[in-house]
Amino acid sequence: MRNPFVGLRPFRPAENGLFFGRAIETSILRDLALTLPVLTIYAPSGTGKSSLINAGLIPALRRTPDIIDITIADPGLDPYGFVRDQLTGNGWSPGTSLDSLSLAQLLEAHHEDTDHRVILVLDQFEERIKRSDSLDALYAEIAKLANTRSEAATVIISIREDYLAGLDRLMHRVSGLLDAGYRVPPLSRAALTEAVLRPLSIDADVTVEDGLVDLVLDDLEQQARLAGSPERQIEPGHFQIVWHRLWEKAAKAPGSVLTREGYSGEGGDGETGVTAILRSFVGDILSGLLPYEAALLQASLRYLVLPTGAKVALTVPDLVGLLQISDITTGFAELLFLPGRRAETVYTSAGKAERRPEVRPAPRPEVAPILESLFEQLTRTDAPLFRRVRRGVREEFELVHDLMGIILIEWRADYEQRTFAAIRKMRDAAPAPPQDSPSIPAGAQFILRMTSDAGAGRWEAVSDQESSATLRLLLSLTNSPGWRYARKSTRQFNELLGLLGELEQKLQVGGCRKPVRTTSDKRDQEAEGDIGAYDLSRQ
């Protein structure tokens, strides 16, 4: 039996038979898509826009004659090339070359030849805004379709509400763009009940005990109320997380029953089942962070969450300015902060005393882009711990609600304990160095080992900016006294050097730095006079 609750990922078109609670919205969107040349669909993150489009609108359009739907969710795809390939792959054989046509001309030519209307969905458009320096060419093509009231196509822009300002240049080209848009409303309690019971009715072998749906919805509404959500608006993502978990735990065989007792058993010490399930969910997300990302999150939570669990909205520059070296767990401070200097009196060559002021340790330049990347991960639809809030020119990040604050405070304390224990274990296992020589920092060993292991499945997904920042941070460790000794002790250093080499291969960042050199390359380097800043083989 497959789980009918998809969790946080969006529904797919093939899962239309499991998608319930959005019949009215689906009908409205279908009518708008068949009428307007440009339609903007927007809502807060996690409202379910992609699911509504994929499993509601698209199947409804496919039941409509003379309609071809094309969805582009990848912001890296060129709309013209993708649309051309989809149309020709669908059987269209244009009589002339398409190479000189623009996107609008391509769609008009297709309509003239086939009399079919294309519904082009640009999903997650906020990602295209974030990644593209200029969208003027695309906006110009959309404007041509809108301003000529073209029958050839409808362009649907699906975008998070907090990114609507990114459409300002398109709004200048298309008057009333948002007036004809559609804001996806929150799911009502009746719709949420339908979204539970209707999928289960498809498979009569699994049932829900009377009262369980109301109990879960009551707890979700209480959670939303405590978070300050208007009208006790339930987070659809949390709704899906809870039911996905209940199914996985209880629906093991035909005849299974999802019970109130099973749900209540998820909680403990006075907390609801919703809270316990979300706590487990948060733990699973954060366990996938790389060690230095977890260290930065642990430090940042001091400022993003009050001791009461209340959330605070801050920008990345705010956090960089607030972070102190004492916020960083032992072993990671050297990685993330530039060293400071105590106030001191020095004497010049002429014997004159000069007072040098104290220089406090400051975050390294790489900390800001890594924080940006961290929040990018934690605001995604499949990991919604934070939300992006735009206030004028400020782009702030805050928890989705205060319930997550209490969970993250507990995670922060547990993270510190686990990190200290791991570093102590590594330090105890390391051989003692000569008496007057510093040892390799145990934290440095821990960072490298954990980064190499935990990052094995993530390197292909990170951006070049994050990758280069990661490598620069790790390489900066080689300037510490302990590592300078390690270069002479060879065995431990060569082992760590091998880990850096593995990491460099996984990062695959080209052109941003000189390559890591091995000891065997040293003589050739010296002959060429090319010992670079990132050379690890110098002793």
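This is a short tour of a predicted model, stop by stop, with something to select at each one.

**The whole chain**

Start with everything shown as cartoon. The protein has 22 helices and 13 strands. Of its 539 residues, 48% are buried. Switch on the surface and you are looking at about 25,800 Å² of accessible area, with 49% of that belonging to carbon and sulfur atoms. Now think about how the chain folds back on itself: among contacts with a separation of 6 or more, 70% join residues 24 or more positions apart.

**The five-stranded sheet**

Next, colour strands β1 to β5. They make an open sheet in the order β2-β3-β4-β1-β5, and the pairing is parallel. Which strands sit at the edges? Select 67–72 for β2 and 182–183 for β5; each of these pairs on one side only.

Zoom in on the β5 end. Its partner is β1, residues 38–43, and the two run parallel over two bridges. Show Ile-41 and Tyr-182 as sticks: Ile-41 stands opposite Tyr-182 of β5.

Now add the helices that cover this sheet. Helix α3, residues 79–89, packs on the sheet and touches β2 and β3 (117–122). The direction of α3 makes about 140° with that of β2. Then bring in helix α4, residues 103–114, which also packs on the sheet, where it touches β2, β3 and β4 (153–160). Compare the direction of α4 with that of β3 and you get about 145°.

**Helix α10 and the start of the chain**

Select 236–250 to light up helix α10, the home of Glu-248. Then select residues from the beginning of the chain, including Arg-2 and Phe-5.

Put Phe-5 and Trp-243 in sticks. Their ring centres are 6.0 Å apart and the planes meet at 35°, so this pair counts as tilted. Phe-5 belongs to the segment before α1 (23–33) while Trp-243 is in α10, so the pair ties together parts that are 238 residues apart in sequence. Are these two buried or exposed? Phe-5 is buried at 1% relative accessible area, and Trp-243 is buried too, at 0%.

Stay on α10 and click Gln-240, another residue of this helix. Gln-240 is buried, with 11% relative accessible area. Which residues does Gln-240 contact, once its neighbours within four places in sequence are set aside? They are Phe-5, Val-6, Gly-7 and Phe-11.

Last on this helix, go to Glu-248. With 38% relative accessibility, Glu-248 counts as partly exposed, because that value lies between the 20% and 50% cut-offs. If you draw a distance line from the C-alpha of Glu-248 to that of Arg-2, it reads 9.4 Å, although the two are 246 residues apart along the chain.

**An aromatic pair within one helix**

Move to helix α17, residues 402–429, and show Trp-411 and Tyr-415, which both lie in it, four residues apart, or about one turn of the helix. The ring centres of Trp-411 and Tyr-415 are 5.2 Å apart with planes at 25°, so the pair is stacked. Both Trp-411 and Tyr-415 are buried. In total, six aromatic pairs are counted in the model.

**The β12–β13 hairpin**

Now select 386–391 and 394–399. These are β12 and β13, and they pair in the antiparallel sense over six bridges. Show Arg-387 and you will find it opposite Glu-398 of β13. Two residues lie between the strands of this hairpin, and Gly-392 takes a positive phi near 65°.

While you are here, select Phe-375, Phe-386 and Phe-397: they form one aromatic cluster.

**Helix α13**

From Phe-375, step across to Glu-293. The C-alpha atoms of these two are 10.0 Å apart, with their positions 82 residues apart in sequence. Glu-293 lies in helix α13, residues 291–304. Despite its acidic side chain label in your viewer, look at the accessibility: Glu-293 is at 0%, so it counts as buried.

Finish by selecting the whole of α13. Of its 14 residues, 13 are buried, so the helix is largely enclosed by the rest of the structure. From first C-alpha to last, α13 reaches 19 Å, close to the 20 Å expected at 1.5 Å a residue.

Definitions and conventions:
Residues numbered from 1 in each chain as written. Predicted model: local features only at pLDDT ≥ 70, side-chain atom pairs only at ≥ 80, totals over all residues. Heavy atoms only, no water. Pairing = 2+ DSSP bridges. Buried < 20%, exposed > 50% of the residue type's maximum accessible area, 1.4 Å probe, protein only. Contact = heavy atoms within 4.5 Å. Areas by Shrake-Rupley, 256 points an atom, 1.4 Å probe, with all protein chains shown as cover. Axes fitted to C-alpha atoms, helices over the stretch in contact; angles between N-to-C directions. Phe/Tyr/Trp six-rings, centres within 6.5 Å; stacked < 30°, edge-to-face > 60°. Expected span 1.5 Å × (residues − 1).
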